[in-house]
Amino acid sequence: MGNAFLKNRAFTYGREGDDQIMGKVQLIPFIAIACICMLLMTGSMAAPSKGVIYVDSNPDGAEIYLTNTSVSPDNLTVHDTAGITPREFFVDPGTYRLFLKKYGYITWWNESFTVTPESYQDFNVTLTDTNP
């Protein structure tokens, strides 16, 4: 009789545990959807205050320098580095200058340009070989 009691108790605890697990499993999709919605809402609320810059070069792999001050190509620092082409990134509104550098090519730069909220600036640059 003692064994039957233990078997029933173990079985009962097992069923309760399974029910609790199933309840948690059913809650997981709800939590996942809630997290996705929160990410979408915060992302869509933050993005409009920025502008987008897309930079590509021929050949690829040029260093991108983006600065909001008057800087000559010889005075660029690592703090001005914005990545390697091709690249698209968000920037705060303001006035910028763009420089592209690649070993074996002449440094390219443009006159200053203005980024406004939700604007899109597209730069496709062909670099000139230093020894044509």
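**Strands and core of a predicted chain**

About 9,500 Å² of accessible surface belongs to the chain, and carbon and sulfur atoms hold 60% of it; accessible areas come from the Shrake-Rupley method with a 1.4 Å probe, and for residues only the protein chains shown count as cover. The model is predicted, with local features needing pLDDT of at least 70 and side-chain atom pairs counting only at pLDDT 80 or more, while totals for chains, interfaces and linings use all residues. Residues are numbered from 1 along each chain as its sequence is written, and side-chain values use heavy atoms, with hydrogens and water left out.

Visitor: What is the mean pLDDT of the chain?
Guide: pLDDT is the predictor's confidence in each residue, from 0 to 100. In this chain, 64% of the residues reach 70 or more, and the mean is 77.

Visitor: Over which residues is the pLDDT below 50, with zero contacts beyond near neighbours in sequence?
Guide: A contact means heavy atoms within 4.5 Å. Beyond near neighbours in sequence, the stretch in question has zero contacts in the model, and its pLDDT is below 50. It covers residues 10–14.

Visitor: In what order do the secondary-structure elements of the chain run?
Guide: Helices (H or I, at least four residues) and strands (E, at least two) are DSSP runs, numbered from the N terminus. The chain has one helix and eight strands. Read from the N terminus, the order is α-β-β-β-β-β-β-β-β.

Visitor: Which strand supplies the largest share of the largest nonpolar core?
Guide: A nonpolar core is a set of buried Ala, Val, Leu, Ile, Met, Phe, Trp, Tyr and Cys residues joined through side-chain atoms within 4.5 Å. The largest one has 16 residues, of which Ile 53, Val 55, Leu 66, Phe 89 and Phe 113 touch the most other members. At least two core residues come from each of E1 (51–58), E2 (63–67), E4, E5 (94–101), E7 (113–115) and E8 (120–126). The largest share, three residues, is supplied by E5.

Visitor: Why is E2 described as largely enclosed by the rest of the structure?
Guide: Buried means under 20% relative accessible area, exposed over 50%, and partly exposed in between (1.4 Å probe, protein chains only). Over the whole chain of 132 residues, 24% count as buried. E2 is largely enclosed because, of its five residues, the number buried is four.

Visitor: How many bridges join E2 to E5?
Guide: Two strands pair if DSSP finds at least two bridges between them. E2 runs antiparallel to E3, with three bridges joining the two; one bridge partner in E3 is Thr 81, which faces Tyr 65. E2 also runs antiparallel to E5, and the number of bridges joining them is five.

Visitor: Which residue in E5 stands opposite Thr 67?
Guide: Thr 67 lies in strand E2 and is buried, with a relative accessible area of 3%. Not counting residues up to four places away in sequence, Thr 67 touches Asp 80, Thr 95, Tyr 96, Arg 97 and Phe 99. The residue that stands opposite Thr 67 in E5 is Arg 97.

Visitor: What distance separates the C-alpha atoms of Gly 83 and Glu 63?
Guide: Gly 83 belongs to strand E3 (residues 81–84). Leaving out residues up to four places away in sequence, Gly 83 touches Ala 62, Glu 63 and Ile 64. Gly 83 and Glu 63 are 20 residues apart along the chain, and their C-alpha atoms are separated by 6.0 Å.

Visitor: Is Arg 87 buried, partly exposed or exposed?
Guide: Arg 87 lies in strand E4 (residues 87–91). Aside from neighbours within four places in sequence, Arg 87 is in contact with Ile 53, Tyr 54, Val 55, Ile 64 and Ala 82. With a relative accessible area of 34%, Arg 87 is partly exposed.

Visitor: Which residue does a cis peptide bond join to Thr 85?
Guide: Most residues other than glycine have a negative phi, and most peptide bonds are trans. In the loop between E1 and E2, which contains Pro 59, a cis peptide bond joins Asn 58 and Pro 59, with omega about 5°. The cis bond at Thr 85 has an omega of about -5°, and its partner, in the loop between E3 and E4, is Pro 86.

Visitor: What is the phi of Glu 118?
Guide: Glu 118 is placed in the loop between E7 and E8. It is exposed, with a relative accessible area of 63%. Although Glu 118 is not a glycine, its phi is positive, at about 70°.
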